[in-house]
Amino acid sequence: MSFGDGEQPHRRRILVLGASGFIGRRVLKMLAASDWASPIGASRRAVPGGQRGVETLQLDATQPAALQAALHDVAGVVNCVAGDSNSIVAGARTLFDAASRMSCAPRIVHLSTMMVYGTAVGEVDETAALKGDWDDYSAAKAEVESLSRSCASVVNLRPGIVYGPDSPIWSGWVGQWLRQRRMGDLGAAGLGYCNLVHVDDVVEAVARALRLPGIEGEAFNLSLSSPPTWNDYFRQYAQALGAAAPPISHTRLMIERYVLAAPLKILQLAARALPFEPPQPIRPWFLRLCGHALRLDVRKAEATLGMKWMPLEQGLRQSAAWALARHASRRAP
């Protein structure tokens, strides 16, 4: 364990689980920059240190004794743990069990997902059934929310498509596909709702969920209040990238899915040994999501948490600047 300087006595200690991941890193940075929190970044992998006011801890969140020790004297926990379905459920169960045995449990903000609603369609608010029938990940996240009922201090956040700088899939992969003209207007296959939410808005929701009293046991959808279709997202993101979003035929999609996916996946496995960034395969689940007609109702987050959403144009400019800089750095000798 290492500890940076700068902690103040009035600051509340906040444990961030999964702090080495995309959202976890942003949460840790936000907390470190605040005037009210002393963050502890915990992850199974080592968390990069050196940030002022940040304590770091290498921790397997599925180990009860280690997690119980980490929870000592913390006022809040942010659960950003990712991984496979089994580890997601095991880690959450261990966390909720440990917290429920404490005489004064910390506020736990759990990063769930819109995928808990599974194959539901239409406008969906937080009272909808958690079907979890989309895939194993969806089922695991729905199970975690069910487990969270055993711990009275949990607040569940259900973000949609979390984009923005450092987003590996929604800004990284999609940006690559658009530059390569492999993604664009999918026609009827791209008319599903793209429930985008900027990573900075997710982080802001985390901060408010940690501090707002009386919301234990609540859940909040996080997304733009008027999400675009996937076709509109591809078109607007391509424009920000200085690329095009050409029509993509059904035949082209079938070639991507059944001809190119396997060899590109093999190329990905050898990526570290290559002097260039290999093309990402377009996954079948991604294409399925593009046609999914689920739209998140976010009025509860706006009314209770006071959320306001970053305009899509601004978020896409940030995403494009990051994606282009990343692409240039990978091409540099």
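Start by selecting Asp166, which sits in the loop between β9 (161-163) and α5. You're looking at a predicted model, so treat each stop as a computed picture rather than an experiment. The phi of Asp166 is near 80°, a positive value in a residue that isn't glycine. Why might that catch your eye? Most residues other than glycine have a negative phi. With a relative accessible area of 30%, Asp166 counts as partly exposed.

Now jump to Asp73, in the loop between α2 and β5. Asp73 isn't a glycine either, and its phi is positive too, at about 65°. Is Asp73 buried or exposed? Exposed: its relative accessible area is 55%, and the cut-off for that label is over 50%.

**Into α5: two tryptophans**

Go back to the helix that follows Asp166's loop, and select Trp173 and Trp177. These two are four residues apart in helix α5 (residues 168-179), so about one helical turn separates them. Color their rings and look at how they face each other. The ring centres are 6.2 Å apart and the planes are at 50°, so this pair is tilted. Trp173 is buried at 16% relative accessibility, and Trp177 is buried at 0%.

**Over to α7: two tyrosines**

Next, pick Tyr233 and Tyr237. Both belong to helix α7 (residues 230-241), and they are four residues apart, about one turn of the helix. How are their rings arranged? They are stacked, because the centres are 5.8 Å apart and the planes are at just 10°, which is under the 30 degrees that stacking requires. Tyr233 is buried, at 0% relative accessible area, and Tyr237 is buried at 0% as well.

Now widen the selection to Trp170, Trp173, Trp177, Trp230, Tyr233, Phe234, Tyr237, Trp285 and Phe286: ring pairs link them into a cluster. If you search the whole structure for aromatic pairs, you get 12.

**The big core**

Keep Trp230 selected and show its surroundings. Beyond its neighbours within four places in sequence, Trp230 is in contact with Ile161, Trp170, Gly190, Gly192, Tyr193, Cys194, Phe286, Leu289 and Cys290. Trp230 is also one of the residues with the most contacts inside the largest nonpolar core, along with Val27, Leu157, Tyr233, Phe234 and Phe286. That core has 77 residues in total. Which helix gives the largest share of it? Helix α6 (residues 199-211), with eight residues. In soluble globular proteins, nonpolar side chains tend to be buried together.

There's a second, separate core to find as well: it has 23 residues, including Leu59, Leu71, Ala98 and Val154.

**A stop in α6**

Select Val203, which is in helix α6. Val203 is buried, with a relative accessible area of 6%. Now add Ile23 and draw a distance between the C-alpha atoms: the two residues are 180 apart in sequence, but 7.6 Å apart in space. Leaving out residues up to four places away in sequence, Val203 touches Arg26, Val27 and Met30.

**Helix α3 and its many partners**

Move to helix α3 (residues 85-100). Its 16 residues reach 23 Å from the first C-alpha to the last, close to the 22 Å expected. Its buried residues are Ser87, Ile88, Val89, Gly91, Ala92, Thr94, Leu95, Phe96, Ala98 and Ala99. What do they pack against? Show β2 (12-17), α2 (64-70), β5 (76-79), β6 (107-111), α4 (136-147) and β8 (154-159), and you have the list.

Zoom in on Ser87. At 19% relative accessibility it counts as buried, because the cut-off is under 20%. Apart from neighbours within four places in sequence, Ser87 is in contact with Thr62 and Ala82.

**A bent helix: α8**

Now select helix α8 (residues 250-269). At 1.5 Å a residue, its 20 residues should span 28 Å, and the end C-alpha atoms are 27 Å apart, which agrees. Look at Leu260: α8 bends there by about 55°, and a proline, Pro263, follows within four residues. The buried residues of α8 are Leu253, Glu256, Ala261, Leu264 and Gln268, and they pack against α9 (284-290).

**Last stops: charges over rings**

Select Arg288 with Trp134. Arg288 lies over the face of Trp134, 3.7 Å from the ring centre. Then pick Lys300 and Phe220, where the charged end of the lysine sits over the ring, 5.0 Å from its centre.

Conventions. Residues numbered from 1 in each chain as written. Predicted model: local features only at pLDDT ≥ 70, side-chain atom pairs only at ≥ 80, totals over all residues. Heavy atoms only, no water. Core = buried A, V, L, I, M, F, W, Y, C linked by side-chain atoms within 4.5 Å. Buried < 20%, exposed > 50% of the residue type's maximum accessible area, 1.4 Å probe, protein only. Contact = heavy atoms within 4.5 Å. Expected span 1.5 Å × (residues − 1). Bend = angle between axes of the 7 residues up to and from the residue. Phe/Tyr/Trp six-rings, centres within 6.5 Å; stacked < 30°, edge-to-face > 60°. Lys NZ or Arg CZ within 6 Å of the ring centre and 35° of its normal.
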